[in-house]
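Trainee: I have not seen this structure before. Could we go through the terms used for it and the reasons behind them?

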Amino acid sequence: MPSTPEVSDQQRQIEDELVQKVRAAFDHTPDPRLKELMQALVLHLHAFIRDVRLTEAEWQQAIDFLTAVGHITTERRQEFVLLSDVLGTSMQTVNVNYEATAEATEATVLGPFFVEGSPEIPLGGDMADGVPGEPCWVEGRVTDMDGNPVPGARLEVWEADEDGMYDVQYDHGQLAGRAHLFTDGQGRYTFWGLTPTPYPIPQDGPVGRLLEHTTRSPMRASHLHFKATAPGLRTLITHIFVEGDDLLDSDSVFGVKESLVKRFERQPVNTATPDGRDLTGRTWSRVRFDIVLPKTS
Ligand code: BEZ
Ligand code: FE
């Protein structure tokens, strides 16, 4: 943590006065929440500038960097969110908004690759139809905090292919490697997906250059995304990670939580599948992920 460097009393007073003046400029903000946010932001931004004794050249570099982040951002490319992700501020916002309880399934970052309009698949269906990768049988149950099954819960699932690419990163314009399905009367679900593989976050923009300059890896730990919704229960956005993955401790967006690390059991070639699917000559894996949703508050 930086410690405020020693400055003269006169200098400290000049800097303190400016902070107070800027905070006071927001005193008459009609919306009390906006007022709170802006005044806290001023406090923390000024503390940062003073702690690190920001130079004018560094200030200019920061402006140039944010300008570049803005220039590359489009409808399809959100570099500001990516910046928030690599700074851990997306994950911290998730933490603040999904207070941990011993029972409820933990949340993690949404990421930029969720899109509306995924196809519906039946229970046991294949969300990865035609997408290259090792098949993975995924099963679990959705319950509330009292252990009651949640029938009809909607599960959105999406993941990258074996080359670490999401459908929306290709030019083909087709949805693939994503689907939604509904739990049965006992809250159970099953589907075929792919054994997750690691992939880098987009590196061809200013955020990629920031990672390069700071010798940080762009790699995300292997994962499979879930969004679970059910009436009266809190929506959960999360992913599951692969036990034993080397990247669990260095996920570039800080999304890994221990409770979300699952055992993907690799099945040798010619092991019979749970639903009789013919995977002759291929390996496959299976994983269980039970989801517990708290009530909406
Ligand atoms: C993802 O998991 O899809 C993701 C999350 C944050 C940044 C980039 C990708
Ligand atoms: Fe992802």
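Trainee: How far does a polar side-chain atom of His225 lie from an oxygen atom of ligand 1?

Mentor: This is a predicted model, so every distance is computed from it. For His225 the distance is 3.1 Å. A polar contact needs a pair of N or O atoms within 3.5 Å, so the pair counts as one.

Trainee: Which distances to an oxygen atom of ligand 1 are found for Arg220 and His223?

Mentor: A polar atom in the side chain of Arg220 is 2.6 Å from an oxygen of ligand 1. For an N or O atom of the His223 side chain, the distance is 3.0 Å. As for cover, ligand 1 taken alone exposes 260 Å², and the protein buries 100% of that. The residues around ligand 1 include Leu82, Phe113, Ile201 and Val253.

Trainee: What makes Tyr166, Tyr199, His223 and His225 donor residues of the iron ion (ligand 2)?

Mentor: Their atoms, OH in Tyr166 and Tyr199 and NE2 in His223 and His225, coordinate the iron ion at 1.9 to 2.1 Å. The cut-off for a donor here is 2.8 Å, so these atoms qualify. Along the sequence the spacing of the donor residues reads Y-x32-Y-x23-H-x1-H. Tyr199 belongs to strand 5 (residues 199–200) and His223 to strand 7 (residues 223–230), so this pair ties together parts 24 residues apart in sequence.

Trainee: Why is the arrangement around the iron ion (ligand 2) called irregular?

Mentor: The 6 donor atoms subtend angles of 52 to 171°. Six donors count as octahedral if opposite donors are over 155 degrees apart and all others between 65 and 115. The 52° angle fits neither condition, so the arrangement is irregular.

Trainee: Why does Phe289 count as buried?

Mentor: Its relative accessibility is 1%, and buried means under 20%, so Phe289 is buried. Phe289 sits in the loop between strand 11 (284–288) and strand 12 (291–293). Tyr199 and His223 are both buried as well.

Trainee: How do you know that strand 7 pairs with strand 8 (residues 233–242)?

Mentor: Pairing requires at least two bridges, and 7 join these strands, so they pair; they run antiparallel. One of the bridge partners is Leu236 in strand 8, opposite Ala228. Both strands belong to an open sheet of 5 strands in the order 3-2-7-8-9, with mixed pairing.

Trainee: What makes strand 3 (178–182) and strand 9 (261–262) edges of the sheet?

Mentor: Each has a single partner strand, so one side of each is left without a neighbour in the sheet.

Definitions and conventions: Residues numbered from 1 in each chain as written. Chains lettered and ligands numbered in written order. Predicted model: local features only at pLDDT ≥ 70, side-chain atom pairs only at ≥ 80, totals over all residues. Heavy atoms only, no water. Donors = N, O, S within 2.8 Å, 3.2 Å for Na, K, Ca; no water. Tetrahedral: all angles 85-135°; square planar, octahedral: opposite > 155°, others 65-115°. Helix = DSSP H or I, 4+ residues; strand = E, 2+ residues; numbered from the N terminus. Buried < 20%, exposed > 50% of the residue type's maximum accessible area, 1.4 Å probe, protein only. Near = heavy atom within 4 Å. Polar contact = N/O pair within 3.5 Å; in protein donor to acceptor, adjacent residues only side chain to side chain. Areas by Shrake-Rupley, 256 points an atom, 1.4 Å probe, with all protein chains shown as cover.
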